[in-house]
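Trainee: Hi, have you got a few minutes to walk me through this one? I'd like to get my bearings before I go back to the bench.
Mentor: Sure, let's open it up and go through it together.

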Amino acid sequence: IPGIRPFFFFFSLSFPFSQAFLKEKIKCTMMHGVELYSVEFYVGNASQAAAFYRDKFGFRIVGYCGLETGERTRSRFVCYQGDVRFVFTSSLRSDDEEFHAYWRKHGDSVHDMSFIVDDVNDAYDRCLQHGATALQAPVLLSASDGTQVQSATVGTFFGDWSHTLYDRNILNAALPPGFSPIPNPPGTANDFGFERVDHVAIALEMGTLPSVLQFYRNCFGFSRFLCAGEDEQ
């Protein structure tokens, strides 16, 4: 969103979140059959970002994609702890306009949240019917261990971020498609005990909350269970 840089807080712990400029607050739950799989950050230095979460929060760096694996455009690391999966991506090329346009506007921040869905084709079509942008049509991909995973990607109508959709075979794969395992991952700090992503906080411009809520309700079956500031609409 031009002029506003989103703030995101993850993990099963509660962190304070200042919303002094934002009177609209909402909490939603997802329908049965939709699960959060991973969160991808676009960052200036993926290696440094992954090392920071390893050293400061005890994440394990388990997968890599870059020059050494044949990828010539981007460097990517995937980090795990419990069911929390973070992907850190940076660009290797100055002409990678999709990455650099996003990074110039938002800096180091979340670019994609991936969901596990029961039917990728159905979820993809439903998203397009309700205002999402087609970024990658459903395609069958192979993970490093040979697991076949169907995937698609849609863009939201607000901000500049996206949602990748995976079928449930992703849970049988050691790593997301495109990543190679790190044979001897570097040591980590003590495990912090993070188990899952508890919630995602998105800063929105005043007045846009109803349309964003409707988007997630229609596309993914989110339901509202708490709303503050509704009278401000």
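Trainee: Starting simple, how many helices and strands are there in the protein?
Mentor: The protein has four helices and 11 strands. Keep in mind that this is a predicted model.

Trainee: OK, what does the protein average for pLDDT?
Mentor: The average is 84, and 81% of the residues score at least 70.

Trainee: And where is confidence lowest, and where is it highest?
Mentor: Strand S1, residues 25-29, has the lowest confidence with a mean of 52, while S8 has the highest at 98. Residues 1-26 also deserve a mention, since pLDDT stays under 50 there. For that stretch the model has 78 contacts beyond four places in sequence.

Trainee: How much of the protein is buried?
Mentor: Of the 233 residues, 45% are buried. As for contacts between residues at least 6 apart in sequence, 70% of them join residues at least 24 apart.

Trainee: Let's go back to S8. Is S8 mostly covered or mostly open?
Mentor: Mostly covered, with seven of its eight residues buried.

Trainee: Which strands does S8 pair with?
Mentor: One is strand S7, residues 133-142, which pairs with S8 in the antiparallel sense over seven bridges. Another is S9, joined to S8 by five bridges and also running antiparallel.

Trainee: Can you give me a residue to look at in each pairing?
Mentor: For S7 and S8, find Leu-141, which stands opposite Val-149 in S8. For S8 and S9, take Val-154, which has His-163 in S9 opposite.

Trainee: What about the turns? How many residues sit between the strands in each hairpin?
Mentor: The hairpin of S7 and S8 has five residues between the strands, and Gly-146 takes a positive phi near 95° there. The hairpin of S8 and S9 has six, with Gly-159 at a positive phi near 65°.

Trainee: I clicked on Thr-156. Where is it found?
Mentor: Thr-156 is in the loop between strand S8 (148-155) and strand S9 (162-166).

Trainee: Is Thr-156 buried or exposed?
Mentor: Thr-156 has a relative accessible area of 9%, so it counts as buried.

Trainee: What lies by its side chain?
Mentor: A polar atom of the Thr-156 side chain lies 2.6 Å from the backbone oxygen of Phe-158. The backbone oxygen of Trp-161 lies 3.2 Å from a polar atom of that Thr-156 side chain. Leaving out residues up to four places away in sequence, Thr-156 touches Trp-161, His-163, Phe-215 and Tyr-216.

Trainee: Those are a lot of rings. How many aromatic pairs does the count come to?
Mentor: The count comes to 30 aromatic pairs. Tyr-53 and Phe-59 make one that is edge-to-face, because their planes meet at 90°, with the ring centres 5.9 Å apart.

Trainee: Are Tyr-53 and Phe-59 buried or exposed?
Mentor: Tyr-53 is at 18% relative accessibility, and the cut-off for buried is under 20%, so Tyr-53 counts as buried. Phe-59 is buried too, with a relative accessible area of 0%.

Trainee: What about Phe-157 and Phe-158, how do they pair?
Mentor: Phe-157 and Phe-158 pair edge-to-face, 5.5 Å centre to centre with 75° between the planes. Phe-157 is partly exposed at 40% relative accessible area, whereas Phe-158 is buried at 8%.

Trainee: Which residues form an aromatic cluster?
Mentor: One cluster is formed by Phe-41, Phe-52, Tyr-53, Phe-57, Phe-59, Phe-86, Phe-88, Phe-192 and Phe-194.

Trainee: Switching to charges, which residue lies over the face of Tyr-80?
Mentor: That's Arg-85, at 5.8 Å from the ring centre.

Trainee: And Glu-68, where is that, and is it buried or exposed?
Mentor: Glu-68 is in the loop between strand S3 (60-65) and strand S4 (74-81). Glu-68 is exposed, with a relative accessible area of 64%. Its side chain makes a polar contact of 2.5 Å with the side chain of Tyr-64.

Trainee: How far is Glu-68 from Ser-180?
Mentor: They are 112 residues apart in sequence, with 9.8 Å between their C-alpha atoms.

Trainee: Last one: where is Arg-224?
Mentor: Arg-224 is in strand S11, residues 223-228, and is partly exposed with a relative accessible area of 40%.

How values were computed
Residues numbered from 1 in each chain as written. Predicted model: local features only at pLDDT ≥ 70, side-chain atom pairs only at ≥ 80, totals over all residues. Heavy atoms only, no water. Phe/Tyr/Trp six-rings, centres within 6.5 Å; stacked < 30°, edge-to-face > 60°. Buried < 20%, exposed > 50% of the residue type's maximum accessible area, 1.4 Å probe, protein only. Lys NZ or Arg CZ within 6 Å of the ring centre and 35° of its normal. Helix = DSSP H or I, 4+ residues; strand = E, 2+ residues; numbered from the N terminus. Polar contact = N/O pair within 3.5 Å; in protein donor to acceptor, adjacent residues only side chain to side chain. Contact = heavy atoms within 4.5 Å. pLDDT = per-residue confidence, 0-100. Pairing = 2+ DSSP bridges.
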